[in-house]
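Please open the model in your viewer and keep the sequence beside it, since this tour moves from one selection to the next. At each stop, select what is named, look at it, and then read on.

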Amino acid sequence: MIREFTKQFYMSAGECNAQGDMPVTLLVHRIIEVATLHANSWGVGYDRLIADNHTWVLTRVTTQMRRYPRAGEDYSLTTWIEDYNRHFSQRNIEIASASGEVLGYARTIWMVIDLAARTAVDISQLSYIRSNVSPKACPIEPQSHLRPVATPTRSVEHRFSYTDIDFNRHVNTLRYIGLLLDQMDMRWHDEHMLERMEIAFVKEVQYGSSACLAIDDAVPGQTLFSIDVDNINRLRARFHWQPR
């Protein structure tokens, strides 16, 4: 089995954001893609798990980038398993240019859920993980302990609709990220790059839910977010920005 899985990509102009870089949403899409392909190569991807009405779910994602791939640039993502326990699998990703320049890293936490019961499945039974943990280092710090925003500087009401929902019948990861990024205007994105992003998906949100997005941008260079539905916290995030 392949402990470290690499896939090459090309950054087309049509995929770029307004600043000519890879959008954060596309980066996370690629992270999910290579994680899925790696799991498939071990025979424990979606096709295998869905036979038991189980599926992998992303519960934490942290990215830290020196820069993002640019239009016309070849790049690669390499993924590996760092650790796991009964409930969670810790998967890391390295993002690199075609010349081998490391552009950044990501840390992700995954769990398996039973789609009928919507509860966690014990993944210690997946023996392939034990024999394929990689010693490859991931130099970025693990995700910090995120808390709901207690004193927002502003808040936004949002209703999730059809295009927000994925095949697991809950709000798609990329839709959450897009919603958070949209809380800053074009000038902000022209002047700042998202250096580090930390998101914790606390509880799933379904179609038609009305959410309250709380935002705390009181500290320069940092934006905190939390999403509540029915007064129950569903998502927490911290974004760190640096000047372009």
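Because you may be wondering where to begin, start with a pocket, and keep in mind that the model is a predicted one.Colour the lining of the second largest pocket by class, and you should find eleven nonpolar, five polar and three charged residues. This lining consists of 19 residues in total, and those nearest the centre of the pocket are Asn-17, Gln-19, Leu-181, His-189 and Arg-244. Two or more lining residues come from each of the elements α1 (24-41), α5 (186-191) and β8 (192-201). Which of the elements gives the most to the lining of this pocket? It is β8, with three residues. The space in the second largest pocket comes to about 290 Å³.

**Along strand β8**

Stay with this strand and select His-192, which is found in β8. Is His-192 buried or exposed? His-192 counts as buried because its relative accessible area is 16%, and the cut-off for buried is under 20%. Now show the residues that His-192 is in contact with, leaving aside its neighbours within four places in sequence, and you will find Trp-241, Gln-242, Pro-243 and Arg-244. Arg-244 is also among the residues that lie nearest the centre of the second largest pocket.

**A proline in a loop**

Next, select Pro-148, which you will find in the loop between α3 (127-131) and β7 (154-159). With a relative accessibility of 37%, Pro-148 counts as partly exposed. If you set aside residues up to four places away in sequence, Pro-148 touches Ser-226, Asn-233 and Arg-236. Then add Ile-227 to the selection: Pro-148 and Ile-227 are 79 residues apart in sequence, while their C-alpha atoms are 8.0 Å apart in space.

**Two residues with positive phi**

For the next stop, go to the loop between β7 and α4 (173-181), where Arg-169 has its place. Although Arg-169 is not a glycine, it has a positive phi of about 70°. Arg-169 counts as exposed, with a relative accessibility of 65%.

Move from there to the loop between β10 (222-229) and β11 (232-243), and select Asp-230. This residue, too, is other than glycine and has a positive phi, with a value near 55°. The relative accessibility of Asp-230 is 62%, so Asp-230 counts as exposed.

**The cysteines**

Select Cys-138 and then Cys-212, and compare how each is covered. Cys-138 is buried, at a relative accessible area of 10%, whereas Cys-212 is partly exposed, at 28%. How many disulfides does a search of the whole structure find? The search finds zero.

**The whole protein**

Finally, clear the selection and zoom out until the whole protein is in view. If you show it as a cartoon, you can look for the five helices and eleven strands of the protein. Of its 244 residues, 50% are buried. The accessible surface comes to about 11,800 Å², and carbon and sulfur atoms account for 50% of that surface. To see how parts of the chain meet, take the contacts between residues at least 6 apart in sequence: 72% of these contacts join residues that are at least 24 apart.

Technical notes:
Residues numbered from 1 in each chain as written. Predicted model: local features only at pLDDT ≥ 70, side-chain atom pairs only at ≥ 80, totals over all residues. Heavy atoms only, no water. Helix = DSSP H or I, 4+ residues; strand = E, 2+ residues; numbered from the N terminus. Buried < 20%, exposed > 50% of the residue type's maximum accessible area, 1.4 Å probe, protein only. Contact = heavy atoms within 4.5 Å. Areas by Shrake-Rupley, 256 points an atom, 1.4 Å probe, with all protein chains shown as cover. 1 Å grid on protein atoms, 1.4 Å probe; cavity = no way out; pocket = protein on both sides within 12 Å on 5 of 7 lines; lining within 4 Å. Points joined across faces, edges and corners; volume = space filled by probe spheres on them. Nonpolar A, V, L, I, M, F, W, Y, C, P; charged D, E, K, R; others polar. Disulfide = S-S within 2.5 Å.
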